[in-house]
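Trainee: Got a minute to walk through this one with me? I'd like to start with the sheets.

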Amino acid sequence: MIALLVLSAVAAAPRAWAEPREPFHVVGNVYSVGSAEVTSFLIATPKGHVLIDGGFVESAPQIVRNIDKLGFKLEDVKVLVVSHAHFDHAGGLSELKRRTGAQVVASRADAEAMARGGKGDPQFGDAIPFAPVYADRIVQDGGVVRVGPTELVAHVTPGHTQGCTTWTTVQREEEQPLHVVFNCSVSVPDDYRLLGNPRYPRVVDDYERSFRTLRALPCDVLLGPHASFFQQDERRARMADGAPNPFVDPAACGAYLDRSEQAFRAHLEKERSAPPPAAPAAAPAQPSAAPSPPPVSASRLR
Ligand SMILES: [Zn+2]
């Protein structure tokens with residue numbers, strides 16, 4: 001598995017993540033319409049739909065097909081939001097915006113990153129660009145997106161990106177209100193530089209604050225931009241008529257945060273004991289070859 005993912009090099013890398021998946025009903029009016037590892041979710045209402053995350057550029061047609069397979073109309077997608085402005089979640093948004101005519105809503109920092117097409121990333125530099133997409137509305141921390149009866153609340157949880165946005169909504173199933181959390185991601189890719197990163201000096205504080213924010217959110221259903229964050233395939237396989245919905249699992253939220261925070265602290269510890277070479281911005285020019293972006297392997301992007 002890892003060997004497959006480490007095919008490396010930006011162009012080829014994470015495409016196993018984009019393997020098609022059948023769409024399915026997750027909980028309430030939330031549907032999974034994304035691919036194997038890189039997820040997208042449709043929140044469907046009689047007054048229009050919200051799509052969370054656009055996957056890679058090649059995910060867009062899959063998402064369109066999946067929405068169609070569920071019997072929903074693409075033109076009823078009224079709002080596009082994103083977990084974070086990386087090419088595996090924002091790469092398909094430009095095409096999806098064109099095809100749906102939907103409004104793109106994003107946090108300020110991620111809206112800026114998307115407008116730059118992912119270039120100038122504080123960790124990846126220009127290594128993982130995507131088609132630029134422009135936000136129609138900037139949402140602040142605590143801001144609300146309303147479509148029909150559905151309210152999505154934006155929680156800006158920076159660190160993984162500067163505008164990383166966790167979206168929450170309350171869904172009902174069998175009369176029960178369920179707090180659904182679309183976690184932005186608090187993972188720390190291997191290549192991230194947390195200490196002394198001149199492009200993102202506050203990154204450690206941001207992660208710390210985001211962990212606190214996320215732990216305080218009511219959470220019955222954990223979802224996120226990567227299927228592996230919340231074991232999408234395994235839970236889906238356990239879905240059965242008449243059985244409790246395996247996606248309703250309050251313990252999953254804390255467990256994910258515990259794992260992520262442990263990994264964050266381990267990464268910090270590693271940087272403290274073996275400082276990485278100077279960050280790109282401060283690096284001395286290579287004597288001969290023109291600088292080229294380092295290959296970014298798929299396993300390092302989550
Ligand atoms: Zn990412």
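Mentor: Sure, one convention up front: two strands pair if DSSP finds at least two bridges between them. Helices (H or I, at least four residues) and strands (E, at least two) are DSSP runs, numbered from the N terminus. This is a predicted model, where local features need pLDDT of at least 70, side-chain atom pairs count only at pLDDT 80 or more, and totals for chains, interfaces and linings use all residues. Residues are numbered from 1 along each chain as its sequence is written.

Trainee: OK, so how many bridges join β8 to β9, and do they run parallel or antiparallel?
Mentor: Four bridges, and β8 and β9 (residues 150-156) run antiparallel. One pair to look at is Val147 with its bridge partner Thr150 in β9.

Trainee: What's the order of strands in that sheet?
Mentor: β8-β9-β10-β11-β12, an open sheet of five strands with mixed pairing. β8 and β12 (221-223) are at the edges with a single partner strand each, so one side of each has no neighbour in the sheet. From one strand to the next, the twist averages 25°; angles here run from 0 to 180 degrees between N-to-C directions, with axes as lines fitted to C-alpha atoms, for helices over the stretch in contact.

Trainee: And how many helices and strands does the protein have?
Mentor: Eight helices and 12 strands. Seven strands make an open sheet, β1-β2-β3-β4-β5-β6-β7, again with mixed pairing. Its edge strands, β1 (24-27) and β7 (137-138), each pair on one side only.

Trainee: What packs on that one?
Mentor: Helix α4 (residues 93-100) does, touching β4 (48-52), β5 (77-81) and β6. A contact means C-beta atoms, placed from the backbone, within 7 Å. The direction of α4 makes about 165° with that of β5.

Trainee: How do β6 and β7 run?
Mentor: Parallel, with two bridges joining β6 (residues 103-106) to β7. Ala106 has Ile138 as its bridge partner in β7.

Trainee: Switching to the core. Which residues touch the most other members?
Mentor: Phe41, Val50, Val81, Ala106 and Leu222, out of the 70 residues in the largest nonpolar core. Such a core is a set of buried Ala, Val, Leu, Ile, Met, Phe, Trp, Tyr and Cys residues joined through C-beta atoms within 7 Å. Buried means 20 or more other C-beta atoms within 10 Å of a residue's own, exposed means 12 or fewer, and partly exposed is in between, with C-beta atoms placed from the backbone.

Trainee: What is Val81 in contact with?
Mentor: Leaving aside neighbours within four places in sequence, Val50, Ile52, Val105, Ala106, Val145, Leu152 and Trp167.

Trainee: Where is Val139 found?
Mentor: In the loop between β7 and β8 (144-147). Val139 counts as buried because 23 other C-beta atoms lie within 10 Å. Not counting residues up to four places away in sequence, Val139 touches Val105, Ala106, Ser107, Val145 and Ala154. Val139 and Val105 are 34 residues apart in sequence, yet 6.6 Å apart in space, C-alpha to C-alpha.

Trainee: Which residues of α5 are buried?
Mentor: In α5 (residues 108-115), Asp110, Ala111, Ala113 and Met114. Seen down the axis of α5, its buried residues fall within an arc of 160°, so they line one face of the helix; the arc is that of the directions from the helix axis to the C-beta atoms. The buried residues of α5 pack against α3 (87-90), β6, β7 and β10 (165-173).

Trainee: Any odd backbone angles?
Mentor: Asp53 has a positive phi near 80° though it isn't glycine. Most residues other than glycine have a negative phi. Asp53 lies in the loop between β4 and α2, and Asp53 counts as buried because it has 28 C-beta neighbours inside 10 Å. Ser185 is another non-glycine with positive phi, near 130°, in the loop between β11 (176-182) and α6 (203-216).

Trainee: Last thing: what's the mean pLDDT?
Mentor: 90, with 86% of residues at 70 or more; pLDDT is the predictor's confidence in each residue, from 0 to 100. Over residues 1-13 the pLDDT is below 50, and that stretch has 22 contacts in the model beyond near neighbours in sequence. Residues 282-299 also stay under 50, with 29 contacts beyond four places in sequence.

Conventions
Two residues are in contact if their C-beta atoms, placed from the backbone, lie within 7 Å.
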